[in-house]
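Reader: I am new to reading protein models and would like a close look at a single part. Please take the aromatic side chains and what surrounds them, and go through it slowly.

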Amino acid sequence: MIGDLPAAGTVIRSVVPAETGAVISLHARARATYYPDGIPQDGTDWAAAWRAAVERPDGQVLCAVRQGRMVAVASFRVPEGTAAHTVKLFQFHVDPDHWRSGLGTALHTACAEQWQADGRRTAVLDVHADNLRAQAFYARQGWVPDPERPPAEGDHHLFLRFSVPGGMNPSA
C-alpha cells in the first residue's frame, strides 16, 4: 500500500506529527476552492483536529509526497458507534496545483488497499453539496449515494458509500 510510485515520482506514506503544519496548509488551500465566499469560521481548531487525527492510534492519515512536498492527504478511521467493517474517510484533499495529475487516484487506491488489508467492507464519507469536482472524482472511484443516509432538505453535504474491493465478510 504505502510506497513509491516511480512513474509519478510520488511516495504515499503515513503522516508524522511534525508534519501537521503542512497538512493544515494543504487542507486550507483545498477547502478554499469550494467556498467562493471564503472558508466559514465555525470555531474548529484545525491545528488541534489534524494533530489529533495524526496521533490517533485507531486512525490513519496518509499523504502523497512529490519532490519533497506534501501534495495530498487523506484521513480515515472506524467512526464511533458503527460496525467494525465500516471505515469513514473524514478528509481527502489534493493540493489544487496538482489536480488532474493522478495524485488523488493514487492516494485513493492506497486508502482502499489499506481498508482491504484492515478487513473493511464498506467506506463512507460526506462531501460538500457544492463541491461538484469532488463528487465527480468520488464517482469515478466507485462511490455511490449512501442509501442509509439520503440527503434531507437543507443538507450541505451528500453522503456517499464505497464497497471496498475484496473486503472481508464480517460473518466469515
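Author: A term is needed before anything else: a residue counts as buried when its relative accessible area is under 20%, and as exposed when that area is over 50%. By that cut-off F137 is buried, and Y138 is buried as well. Please keep in mind that this is a predicted model.

Start with the setting. The protein has 4 helices and 8 strands. Read from the N terminus, its elements follow the order β-β-α-α-β-β-β-α-β-α-β-β. The chain has 172 residues, and 42% of them count as buried. Among contacts with a separation of 6 or more, 61% are between residues 24 or more positions apart. The accessible surface is about 9,200 Å², and carbon and sulfur atoms hold 53% of that surface.

Confidence should be checked too. The average pLDDT is 87, and 89% of the residues score at least 70. Strand β1 (residues 3-5) has the lowest confidence, with a mean of 48, while strand β7 (residues 144-145) has the highest, at 96.

Now the aromatic side chains. The structure holds 8 aromatic pairs. One of them joins F92 and Y138, with 6.2 Å from centre to centre and 65 degrees between the planes. Planes over 60 degrees apart count as edge-to-face, and the pair of F92 and Y138 is of that kind. F92 belongs to strand β5 (residues 86-94) and Y138 to helix α4 (residues 132-141), so this pair ties together parts that lie 46 residues apart in sequence. Both of these residues, F92 and Y138, are buried.

Y138 also pairs with F137, again edge-to-face, at 5.5 Å centre to centre and with 65 degrees between the planes. A wider group takes in these residues: F76, F92, W115, F137, Y138, W143 and F162 form one aromatic cluster.

Y138 is a useful place to stop. Its position is in helix α4. Its relative accessibility is 8%, so Y138 counts as buried. With neighbours within four places in sequence set aside, Y138 is in contact with L89, F92, L125, V127, W143 and L160. F92 and W143 in that list are also members of the aromatic cluster. Another cluster member, F162, is 24 residues from Y138 in sequence, and the two are 9.0 Å apart in space, C-alpha to C-alpha.

Helix α4 also holds Q135. Its relative accessible area is 19%, and the limit for buried is under 20%, so Q135 counts as buried. Leaving out residues up to four places away in sequence, Q135 touches V127, H128, A129, D130 and L158. V127 is thus a contact of Q135 and also a contact of Y138.

Some rings have a charged side chain over them. R133 lies over the face of W99, 3.8 Å from the ring centre. R149 lies over the face of F159, and there the distance to the ring centre is 3.6 Å.

Two cysteines can be compared with these buried residues. C63 has 0% relative accessibility and so counts as buried. C111 also has 0% relative accessibility and counts as buried. A disulfide is a covalent bond between the sulfur atoms of two cysteines. The structure holds 0 disulfides.

Last come two residues with a backbone angle worth checking. Most residues other than glycine have a negative phi. Q67 is not a glycine, yet its phi is positive, at about 50 degrees. Q67 sits in the loop between β3 (59-66) and β4 (69-77). With a relative accessible area of 79%, Q67 is exposed. R100 is also a residue other than glycine with a positive phi, in this case near 65 degrees. R100 is found in the loop between β5 and α3 (103-117). Its relative accessible area is 74%, so R100 is exposed.

To return to the part you asked about: Y138 lies in helix α4, is buried, pairs with F92 and with F137, and belongs to the aromatic cluster.

Definitions and conventions. Residues numbered from 1 in each chain as written. Predicted model: local features only at pLDDT ≥ 70, side-chain atom pairs only at ≥ 80, totals over all residues. Heavy atoms only, no water. Disulfide = S-S within 2.5 Å. Buried < 20%, exposed > 50% of the residue type's maximum accessible area, 1.4 Å probe, protein only. Phe/Tyr/Trp six-rings, centres within 6.5 Å; stacked < 30°, edge-to-face > 60°. Helix = DSSP H or I, 4+ residues; strand = E, 2+ residues; numbered from the N terminus. Lys NZ or Arg CZ within 6 Å of the ring centre and 35° of its normal. Contact = heavy atoms within 4.5 Å. Areas by Shrake-Rupley, 256 points an atom, 1.4 Å probe, with all protein chains shown as cover. pLDDT = per-residue confidence, 0-100.
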